[in-house]
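Here's a walk through one protein chain, from its overall make-up down to a few single residues. Keep the 3D view open while you read.

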Amino acid sequence: MDEITFKSDTVLSDVHLHTPNQRHLMVRLSGVGQPVFLSQFKLLWNQASQTDSGAEGGNHRAHPAEVTTPARSPPGSGCSSEGVSLQAGAGATSQEEVAAQLDEDGDLDVVRRPRAASPSEPSGPPRDKVWRGALLLADYILSQRDLFRGRTVLELGAGTGLASILAATVAQTVYCTDVGADLLAMCQRNIALNSHLTATGGGVIKVKELDWLKDDLCTDPEVPFSWSEEDISDLYGHTTILLAAEVFYDDDLTDALFKTLCRLAHKLKNASTAILSVEKRLNFTLRHLDVTCEAYDHFRSCLRRLEGLTGGRLRFTVEPVDVSFPQLLVYERIQQLELWKVFVEPVTEPVVSADTAS
């Protein structure tokens, strides 16, 4: 038997799931040692039941379109679910996937290593899950459609492109961005699968690479998903909404994202709003001998630092979003799911008369 070694930040348990009478199966530990649970969701909205957004969110339950897919992933780029389609009846059922992971005694059979990739499949960790925070953001988009109507939207760390696809049902242009040709190609496939959702509204989705660790956008035409000068001009000239869902699991990446937000805000010609989705994950660690949520705490500290910036030409205002808006996706909307808005506006210089100055 191998010797078990505990490190100072070993996750001993996950206590953020408090919903009773629910079946939660841990399928593996994520890349940063957090448990990954399997659940499911389905879309209860389609264009046949569209209404303008409002307090009630409209009657979106008349003709449910359904997709069932696991609802958490190992850290990647927000959310990631290969080939997820919002068409009615798309996808296999989660119950079938759960059954496949139980042994003959009914115990959970945890996969210790990813399967060896075939020549036709990319290597690396599987990207076949959607995070709950991405579903919360999707709910918000569906419930506040007027906010996105006719806008130019930029999604950072798009993963599957779920939020981009839903935003494009009413937005004019959506830039769906992430890093990695395989992941961006998956976004492209999902957009094609769901072109029926955006066809009526006429929204255009452009899949592009945007690396938070680089200061400039890639303009090399030889690189897949690079930016043209026309796209860059449109991005900076018209973008007013930025989205990011469940990308705050690693402190270095969180820092990089906030740096990117700040850099983009200074290049945008219009006032903008960033809408950020995060899940407050509570874990007991040996380092603290207590329940902590370090990634979330770091995210909040970044928000405070951003709001505290002074002396520049922009003002950043942060406020939480009330998440009591209608739930149009079936998933566990636990209390640890949060939405935050960052309003970016130019600083108005005070008008000083000559008499006052003297």
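## Ground rules

A residue is called buried when its relative accessible area is under 20%, exposed when it is over 50%, and partly exposed in between, using a 1.4 Å probe and protein chains only. What you're looking at is a predicted model, so to speak of a local feature takes pLDDT of at least 70, side-chain atom pairs count only at pLDDT 80 or more, and totals for chains, interfaces and linings use all residues. Residues are numbered from 1 along each chain as its sequence is written, and side-chain values use heavy atoms, with hydrogens and water left out.

## The chain as a whole

The chain has 10 helices and 14 strands. These are DSSP runs numbered from the N terminus: H or I over at least four residues for a helix, E over at least two for a strand. Half-and-half is a handy way to remember the burial: 50% of the 358 residues count as buried.

The accessible surface adds up to about 17,700 Å², with 50% of it belonging to carbon and sulfur atoms; areas like this come from the Shrake-Rupley method with a 1.4 Å probe, and for residues only the protein chains shown count as cover. Take the contacts (heavy atoms within 4.5 Å) with a separation of 6 or more: 72% of them are between residues 24 or more positions apart.

## A seven-stranded sheet

Follow the strands in the order S8-S7-S6-S9-S10-S14-S13 and you've traced an open sheet of seven strands with mixed pairing. Two strands pair here if DSSP finds at least two bridges between them. Strand S8 (204-209) and strand S13 (314-321) are at the edges; each has a single partner strand, so one side of each has no neighbour in the sheet. From one strand to the next, the twist averages 20 degrees.

At the S8 edge, S7 (residues 173-178) runs parallel to S8, joined by six bridges. Threonine 177 has lysine 208 as its bridge partner in S8. Helix H5 (residues 181-193) packs on the sheet, touching S7 and S8, and its direction makes about 170 degrees with that of S8. Angles run from 0 to 180 degrees between N-to-C directions, with axes fitted to C-alpha atoms and, for helices, over the stretch in contact. Helix H7 (residues 229-238) lies across S6 (152-156), S7, S8 and S9 (239-245), at about 95 degrees to S9.

## Strand S10 and the cavity

Which residues of S10 are buried on each side? On one side they are Ser272, Ala274, Leu276 and Val278, and on the other Thr273, Ile275, Ser277 and Glu279, so both faces are covered given the under-20% cut-off. In a regular strand, side chains alternate between the two faces of the sheet.

S9 and S10 pair in the parallel sense over five bridges, and leucine 242 stands opposite alanine 274 in S10. Leucine 242 sits in S9 and is buried, at 4% relative accessible area. Beyond its neighbours within four places in sequence, leucine 242 has contacts that include Leu154, Leu261, Leu264 and Ala274.

Leucine 242 also helps line the largest cavity, along with Leu261, Ala265, Ser272, Ala274, Leu306, Phe316, Val342 and Val344. Helix H8 (251-267), strand S10 (272-279) and strand S14 (337-346) each supply at least two residues of that lining. On a 1 Å grid over the protein atoms alone, a cavity is a set of points where a 1.4 Å probe fits but cannot get out, and lining residues have an atom within 4 Å of a point. The largest cavity holds about 60 Å³ of space. Volume here is the space filled by probe spheres set on the points, which are joined across faces, edges and corners.

## Residues worth clicking on

Phenylalanine 225, in the loop between S8 and H7, has a positive phi of about 65 degrees although it is not a glycine. Glutamate 246 has a positive phi too, about 55 degrees, and isn't a glycine either. Glutamate 246 lies in the loop between S9 and H8 and is buried, at 2% relative accessible area.

Lysine 206 belongs to S8 and is partly exposed, at 26%. Lysine 206 is 31 residues from tyrosine 175 in sequence, yet their C-alpha atoms are 4.9 Å apart. Glutamine 335, in the loop between S13 and S14, counts as exposed at 69% relative accessibility.

How values were computed
1 Å grid on protein atoms, 1.4 Å probe; cavity = no way out; pocket = protein on both sides within 12 Å on 5 of 7 lines; lining within 4 Å.
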